[in-house]
Amino acid sequence: MRTGLFCTYENPRRDFRAAYVDQLRLVQRAESLGFEEAWVAEHHFNPDACSPSCLSILAYLAACTSRIRLGSAAVLLPFHNPLLIAEDIATIDIFSDGRLNFGIAKGGPFPAQNRHFEIDSKESRDKTSEALLLIEKLLYEDDVTFNGRFFKTDGVRLTPRAVQRPIPTFVASSTASLVGLAAAKGYGIMGAPPFPLTTLRETVEIFRQADPAADPDLVLIRFFHVAVTHEQAVAEARIWLQPFVERMKTTTAKVQPDWTPWFVLDRIIEESLIGTISSIGEKIERLAEDLPLHSLVLKQMSPDFAKRHADLELFAEELRPKFREAA
């Protein structure tokens with residue numbers, strides 16, 4: 001099981017430059033501590049998560065790191081031209097010397113994104129599937145002619161060509177058709193921090209039913225916070241998670257009501273890596289027994305980046321050696 005860091009470029013100081021510098025230093029520290037992956041989210045129109053151009057960020061991180069794998073978590077394909085995405089990820093794969101992981105999604109329940117990008121949310125799933133199929137062809141085939149519902153090409157040859165063939169690809173979705181596509185194409189799947197474990201188990205089952213021989217390669221992202229006592233960790237996590245939970249309840253009730261039951265604060269805390277370092281280790285052991293983990297990715301919550309550095313060091317010293325021995 002690999003370990004990683006999930007980067008949403010929080011901006012507690014309301015200073016965008018500082019937010020980017022803080023996150024860069026955290027990724028570099030994670031690399032020095034032996035973490036294998038860093039994943040960058042794509043968020044739009046959110047001053048508290050200022051990473052709208054995750055591929056640009058990954059290109060910069062490629063130049064500032066040397067070993068850690070770098071992933072998009074995830075590129076929101078309905079908002080992009082797949083030809084440009086294919087060119088960008090091939091370029092980043094070169095910059096990183098073959099360290100890119102390509103994660104994609106159709107976009108969450110955020111109506112402002114669809115409105116501003118003029119994308120019909122009812123078409124997002126089909127557009128995502130079609131874009132992903134075209135990107136794969138562009139990356140690995142010559143003279144690509146494609147005649148889809150949303151995208152068309154006529155004899156396109158991608159330049160440059162990626163280092164990796166194939167680039168590891170992951171689908172962040174619980175939608176059966178997208179999960180089935182992932183199984184058919186040999187992609188992995190991703191689970192965002194608030195995704196319930198029951199939903200993730202169902203997603204894994206859908207994947208395995210689509211292709212029993214395929215490996216789901218689950219990238220599991222979980223909220224992560226350490227304190228001296230379990231009670232302290234939970235109390236602090238509640239302060240940071242409560243506004244997120246309330247915001248998501250309101251948003252999903254309007255545009256994606258089937259997600260609304262996911263946003264129960266106690267359930268999210270229980271299924272996150274929140275507690276003492278020893279209790280978090282026990283949770284990880286249970287997760288590894290329960291799910292086919294390719295990577296466990298930490299989403300830190302504290303606005304104090306010194307605390308984040310300290311928690312990564314504690315995780316690296318106390319927990320990562322155990323997982324390596326188990327592997």
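In this predicted model, the buried residues of helix H3 are Pro 82, Ile 85, Ala 86, Ile 89, Ala 90, Ile 92 and Asp 93. These residues lie on the same side of H3, because the arc they cover around the axis is only 165°. A general property of such elements is relevant here: an α-helix has 3.6 residues a turn, so residues three or four places apart point the same way.

**Helix H3 and its surroundings**

Helix H3 comprises 14 residues, from 82 to 95, and its first and last C-alpha atoms are 20 Å apart, close to the 20 Å expected at 1.5 Å a residue. The cover over its buried residues includes two helices, H2 (54-64) and H5 (124-140), together with strands S4 (75-76) and S5 (100-105). At the N-terminal end, Asn 81 acts as a cap of H3, with a side-chain oxygen 2.8 Å from the backbone nitrogen of Leu 83. After H3 comes Asp 97, which has a positive phi near 60°.

**Val 40 and its contacts**

Val 40 belongs to strand S2, which runs over residues 37-40. This valine is buried, and its relative accessible area is 0%. Leaving aside residues up to four places away in sequence, Val 40 touches Cys 7, Tyr 9, Ser 51, Cys 54, Ile 57, Leu 58, Leu 61, Gly 71, Ser 72, Ala 73 and Ala 74. One of these, Cys 54, is 14 residues from Val 40 along the chain, and the C-alpha atoms of the two are separated by 5.9 Å.

**Cysteines**

A disulfide is a covalent bond between the sulfur atoms of two cysteines. With a cut-off of 2.5 Å between sulfur atoms, the model has zero disulfides. Two cysteines are set out below.

| Cysteine | Closest cysteine sulfur | Sulfur distance | Relative accessible area |
|---|---|---|---|
| Cys 54 | Cys 7 | 11 Å | 2%, buried |
| Cys 64 | Cys 7 | 13 Å | 23%, partly exposed |

The sulfur of Cys 54 is too far from that of Cys 7 for a bond, and the sulfur of Cys 64 is likewise too far from that of Cys 7.

**The chain as a whole**

The protein chain contains twelve helices and twelve strands. Its radius of gyration is 19 Å, close to the 20 Å that the globule rule gives for 327 residues, so the chain is as compact as a globular protein of that length. The C-alpha trace spans about 60 × 45 × 45 Å along its principal axes. Of the 327 residues, 54% are buried. Among contacts with a separation of 6 or more, 74% join residues 24 or more positions apart.

Terms used: Residues are numbered from 1 along each chain as its sequence is written. This is a predicted model: local features need pLDDT of at least 70, side-chain atom pairs count only at pLDDT 80 or more; totals for chains, interfaces and linings use all residues. Side-chain values use heavy atoms; hydrogens and water are left out. Helices (H or I, at least four residues) and strands (E, at least two) are DSSP runs, numbered from the N terminus. Buried means under 20% relative accessible area, exposed over 50%, partly exposed in between (1.4 Å probe, protein chains only). Contact means heavy atoms within 4.5 Å. The expected span of a helix is 1.5 Å times one less than its number of residues. The arc is that of the directions from the helix axis to the C-beta atoms. A polar contact is a pair of N or O atoms within 3.5 Å; within protein, one must be able to donate a hydrogen and the other to accept it, and residues adjacent in sequence count only if both atoms are side-chain atoms. The radius of gyration is taken over C-alpha atoms; the globule rule is 2.2 Å times the number of residues to the power 0.38.
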